[in-house]
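Open the structure in your viewer and keep the selection tool at hand. The tour below goes from stop to stop, saying what to select and what is there.

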Amino acid sequence: MMSVSQVTRAGLLLCWSVLFCIAYGCRPAATQPLSHGLGDLRVMTYNADEGTEFLEVAGAQTVSELLIAVGKTITQVRATDPPRRMEALAKQILAAQPALMSLQELDQWSTGPFDPVTGKCGKVTLEFDLLQELLGALAAQGGHYRVAVQVQQFAFPPTPGLILPDTFLCVAVVNRNAILARTDLRASKFQWGNPQSAQFKSYVSFTTPIEVSVPNAWVSVDATWNGKAFRFIGTHLQANDVDVREQQGVELRAIVATTALPVIVAMDANAQAWPTPLDATYLDFIAAGYRDAWLEIFPSAPGFTCCQAPLVNNVVSELSQRIDLILTLGPVEVQNIALFGADAASKTADGLWPSDHAGVAAQVVIKKE
């Protein structure tokens, strides 16, 4: 049952959405499946949702606060039921049928015992692996995908935590980005190679009782579709520091500049492309000549991709920003684009959204210069 405050918030979101669409002409086709057109190359970006925002950990100032924060964090992750969500997310991916897919927040979560007397962690064992669970779900549902390239963004070693009132444990996490590629297409139609990845030089740290660095990273492959070559890049830019995010954008464009190929960047940019004010990092890309695939097809539809409630159990969608982007550079023509996982039909049987983000998939044509 929803509380009074939840009902009020849901009602306000619904009213705001209706008023926005009246004013700006929202088009329902934005959430419809991709069609077959002149170009059948499909690419996608999807933030899989690691299950927490680490807010309690980032705010901890004492050892006791950090213990409780770590306990709250793994409790949040468990409440979001990653295995079931990856099954729901796989269904959305297979509805889009991308040849290449950029994925973010594919975390590995491990837990183990903690001895409060000695202050030491015991051996941790894997509890959730979102990448493997997603690959398994894709295969179980008839999909044919493999990891083309993956990269570690950040990792927290086994860290003591307390689930109140008296459950001690240790928690470790590895956060990854990846590109998945289809394996069921003819080699004459689709090939990929030259996998590359790296962390950005610009990153943030936060200080709890220990200092923690939280890098971001990018991945890329070079591919050919019907004989036409292009580079596909995925990344997850910094969420909480505007200056660091903008510098990461500078670094990414410098990486792109090393190729003469047409480029498709598919990312959780954490850079607001709608509503206004538009984020500086997004504007930097547009000023540098990148084209926003969403605007090519839906110049007046908001296309919100973020974010559902932290526990992804909200009844009414709370998507209110467009930060998951597909940008193109060079002779790439966008034929169609759509959101996935943005409507209630995509939820798990227990009422959880596949992710706190919606996925974005585009149908494009790589053209000759």
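## A tour by selection

Start with Asp49, which sits in the loop between strand S1 (41–47) and H2. Its phi is positive, at about 75°, although Asp49 is not a glycine. Most residues other than glycine have a negative phi, and most peptide bonds are trans. Keep in mind throughout that this is a predicted model.

**Two cis peptide bonds**

Select Leu164 and Pro165 next. A cis peptide bond joins Leu164 and Pro165, with omega at about 10°. Pro165 belongs to the loop between S7 and S8.

Then move to Cys306 and Cys307, which are also joined by a cis peptide bond; here omega is about -5°. Look for Cys307 in the loop between H8 and S16.

**A disulfide**

How many disulfides does a search of the whole structure find? The search finds 2. For one of them, show the side chains of Cys121 and Cys170, whose sulfur atoms are 2.0 Å apart. The link of Cys121 and Cys170 is left-handed, with -85° about the S-S bond. Cys121 is in strand S5 (residues 120–121) and Cys170 is in strand S8 (residues 167–182), so the disulfide ties together parts that are 49 residues apart in sequence.

**The sheet and the helix across it**

Now colour the strands of an open sheet, which has 6 strands in the order S9-S12-S13-S14-S16-S15 and mixed pairing. Its edge strands are S9 (190–199) and S15 (291–292), each of which pairs on one side only. Strands of a sheet pair through backbone hydrogen bonds, either parallel or antiparallel.

Zoom in on S14 (residues 263–268) and S16 (residues 324–329). S14 and S16 pair in the antiparallel sense over 6 bridges. To find a pair of facing positions, select Met267, which stands opposite Leu325 in S16.

Add helix H6 (residues 242–256) to the view. Helix H6 lies across strand S12 (217–225), strand S13 (228–236), S14 and S16. Relative to S13, H6 runs at about 160°.

**The largest pocket**

Turn on a surface and look for the largest pocket, with a volume of about 830 Å³. Which residues of its lining are the closest to its centre? Of the 38 lining residues, these are Glu53, Gln238, Ala239, Asn240 and Asn270, so selecting them is a way to centre the view. The elements that give two or more residues to this lining are helix H2 (55–59), strand S7 (145–163) and strand S10 (204–207). By type, the lining of the largest pocket has 16 nonpolar, 14 polar and 8 charged residues.

**A cavity**

For the last stop, return to S16. A search of the whole structure finds 1 cavity of 30 Å³ or more, and about 30 Å³ of space lies in the largest cavity. To display its lining, select Asp292, Ala293, Trp294, Gly303, Arg322, Asp324, Leu325, Ile326, Ile337 and Val360. Helix H8 (293–297) and S16 are the elements that give two or more residues to this lining. The largest share, 3 residues, comes from S16. The lining of the largest cavity divides into 6 nonpolar, 1 polar and 3 charged residues. Leu325, one of the lining residues, is the residue already seen opposite Met267.

Conventions:
Residues are numbered from 1 along each chain as its sequence is written. This is a predicted model: local features need pLDDT of at least 70, side-chain atom pairs count only at pLDDT 80 or more; totals for chains, interfaces and linings use all residues. Side-chain values use heavy atoms; hydrogens and water are left out. Two strands pair if DSSP finds at least two bridges between them. Helices (H or I, at least four residues) and strands (E, at least two) are DSSP runs, numbered from the N terminus. Contact means heavy atoms within 4.5 Å. Axes are lines fitted to C-alpha atoms, for helices over the stretch in contact, and angles run from 0 to 180 degrees between N-to-C directions. On a 1 Å grid over the protein atoms alone, a cavity is a set of points where a 1.4 Å probe fits but cannot get out, and a pocket is an open set with protein on both sides within 12 Å along at least five of seven lines; lining residues have an atom within 4 Å of a point. Grid points are joined across faces, edges and corners, and a volume is the space filled by probe spheres set on the points. Ala, Val, Leu, Ile, Met, Phe, Trp, Tyr, Cys and Pro count as nonpolar, Asp, Glu, Lys and Arg as charged, and the others, Gly among them, as polar. A disulfide is a pair of cysteine sulfur atoms within 2.5 Å.
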